[in-house]
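Dear colleague,

I am handing over the structure below for your files. My findings follow directly after it, and I would be grateful if you could read the two side by side.

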Amino acid sequence: MAGRLRFMLVVLILLFAVVSVCGIPSKKKISWGRIKKINKKGPYIGLITVYPPEEKAFFSTGAFKSDSRYPFLDLSGRRFRVGRIYDRKVIYVRCGIGLVNAGAATQQMLDLFDITGIIHFGIAGNMNNSMSIGDVSIPKQFANTGLWDWLNQNGIVDYPKNVAEMKIGGYNVPQGDATNLLGKIGFRHEQFFSEGNAAARLFWAEVSQDWLQLAASLEGMELEKCVNSSLCLPKKPKLVAGLKGSTSNSFLDNAAYRDFLSQTFEVSTTDMESSAVVMTCLSNGFRVIVIRGMSDLAGSQSGENPIHTFGSLAALNTVKVVLQFIKNIPLDVFAS
């Protein structure tokens with residue numbers, strides 16, 4: 001009787017194993033196999049950019065050398081490219097525009113691959129009057145300025161110590177009556193989740209200090225001034241580390257709102273992804289840094305937005321800084 005029970009138990013275990021394996025789609029089985037083989041060569045630096053012009057600038061330099069055996073992996077519609085830059089092992093992905101895409105791609109990279117830290121890069125709107133198009137900023141911290149309570153004119157924010165308010169009526173033209181049916185916006189804190197901790201209130205998400213110090217050593221490096229032989233900036237672009245950045249799901253091309261954010265939060269750049277990348281890395285306990293080239297003036301310009309003219313130059317200068325930063329990362333980071 002005992003022998004028969006053991007036999008039946010073995011049969012059930014084998015059936016369960018067969019059902020479990022058969023229940024995994026073949027593509028996923030292949031992906032997991034390749035991921036394991038890729039990770040054996042890790043750890044890697046994760047590189048995340050946003051949209052095609054930034055990707056074009058990145059690959060145009062020729063600095064990225066694909067892994068000959070596993071050059072890429074397609075997952076959930078994104079292509080993760082595996083290779084090296086200056087003998088540093090990297091995995092690159094283009095996340096797509098917006099906070100959701102940025103957060104999802106970052107979490108996917110951290111969950112699936114052996115990553116030691118993430119460099120997020122791309123172009124951004126310039127909100128700092130002391131800086132110019134073509135300059136590159138490596139901010140020390142980011143705020144999600146798209147997280148609001150939108151209230152009526154007499155509404156009260158129902159949480160303590162709100163960060164700031166913007167009364168829409170204060171921007172009426174002509175000025176006078178400050179009443180406006182759009183009311184006012186109260187800016188919210190994030191809920192920051194990290195392993196082993198309850199959700200905490202957070203407005204400024206800070207990049208990794210050791211990488212920020214490494215980035216600061218790059219200030220003074222040579223950046224490109226000209227798009228082509230007939231189109232150049234009036235002065236040489238510069239790199240500045242340690243400013244503040246803002247992120248929201250809105251593309252900012254409005255002078256009044258630009259000035260409000262700049263004066264209220266003292267931010268120098270605006271983009272649509274960075275805070276999501278930084279928050280996701282911090283929640284998971286990974287190094288992160290953001291490098292953004294200034295492609296336009298976020299609405300303070302007269303006429304057409306210059307992103308169409310100088311966006312490619314801003315992307316190229318950003319990539320130059322990214323490559324130099326990677327070159328300066330100590331090799332012992334990859335031994336961990």
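To begin with one aromatic residue, tryptophan 148 has a relative accessible area of 31% and is therefore partly exposed. Please bear in mind throughout that this is a predicted model.

Aromatic pairs

The count of aromatic pairs comes to 15. In one of them, the ring centres of tryptophan 148 and phenylalanine 187 are 6.4 Å apart and the planes stand at 80°; since planes over 60 degrees apart count as edge-to-face, the pair falls in that class. Tryptophan 148 belongs to strand S9 (residues 148–151) and phenylalanine 187 to strand S11, so this pair ties together parts that are 39 residues apart in sequence. Phenylalanine 187, at 0% relative accessibility, counts as buried, whereas its partner tryptophan 148 is partly exposed.

A second pair has another geometry. The rings of tyrosine 257 and phenylalanine 260 have centres 6.2 Å apart, and because their planes are at 10°, the pair is stacked. Both residues lie in helix H6 (residues 255–265), where three residues, about one turn of the helix, separate them. Tyrosine 257 counts as buried at 17% relative accessibility, and phenylalanine 260 is buried as well, with a relative accessible area of 8%.

These four residues also belong to a cluster linked by ring pairs, whose members are Trp148, Trp150, Phe187, Phe203, Trp204, Tyr257, Phe260 and Phe265.

Packing of H3 and H8

Helix H3 (residues 52–60) packs with helix H8 (residues 307–328) at an angle of about 50°, and their axes are 9 Å apart. The two helices are therefore oblique to each other, and their crossing is right-handed. On the H3 side the contact is made by Pro53, Glu54, Ala57 and Phe58, and on the H8 side by Ala315, Leu316, Val319 and Leu323. By class, this contact has seven nonpolar residues, one charged residue and no polar ones. The charged residue is Glu54 of H3.

Backbone features

Most peptide bonds are trans, and most residues other than glycine have a negative phi. Against that background, four places in the backbone deserve your attention.

Which peptide bonds are cis? One joins glycine 42 and proline 43, with omega about 0°. Proline 43 is placed in the loop between helix H2 (26–39) and strand S1 (44–49). Another cis bond runs from valine 173 to proline 174, where omega is near 0°. The loop that holds proline 174 lies between strand S10 (164–167) and strand S11 (184–187).

Positive phi values occur at serine 76 and at tyrosine 86. For serine 76, phi is near 50°, and the residue is found in the loop between strand S3 (72–75) and strand S4 (78–85). Serine 76 counts as exposed because its relative accessibility is 67%. Tyrosine 86 likewise has phi near 50° and lies in the loop between S4 and strand S5 (88–94). Its relative accessibility is 37%, so tyrosine 86 counts as partly exposed.

With kind regards

Conventions
Residues are numbered from 1 along each chain as its sequence is written. This is a predicted model: local features need pLDDT of at least 70, side-chain atom pairs count only at pLDDT 80 or more; totals for chains, interfaces and linings use all residues. Side-chain values use heavy atoms; hydrogens and water are left out. Axes are lines fitted to C-alpha atoms, for helices over the stretch in contact, and angles run from 0 to 180 degrees between N-to-C directions. Helices (H or I, at least four residues) and strands (E, at least two) are DSSP runs, numbered from the N terminus. Angles under 35 degrees count as roughly parallel, over 145 as roughly antiparallel, 65 to 115 as roughly perpendicular and the rest as oblique. A crossing is left-handed if the near helix is turned anticlockwise from the far one by less than a right angle, and right-handed if clockwise. Contact means heavy atoms within 4.5 Å. Buried means under 20% relative accessible area, exposed over 50%, partly exposed in between (1.4 Å probe, protein chains only). Rings of Phe, Tyr and Trp (its six-membered ring) pair if their centres lie within 6.5 Å; planes under 30 degrees apart count as stacked, over 60 as edge-to-face and the rest as tilted.
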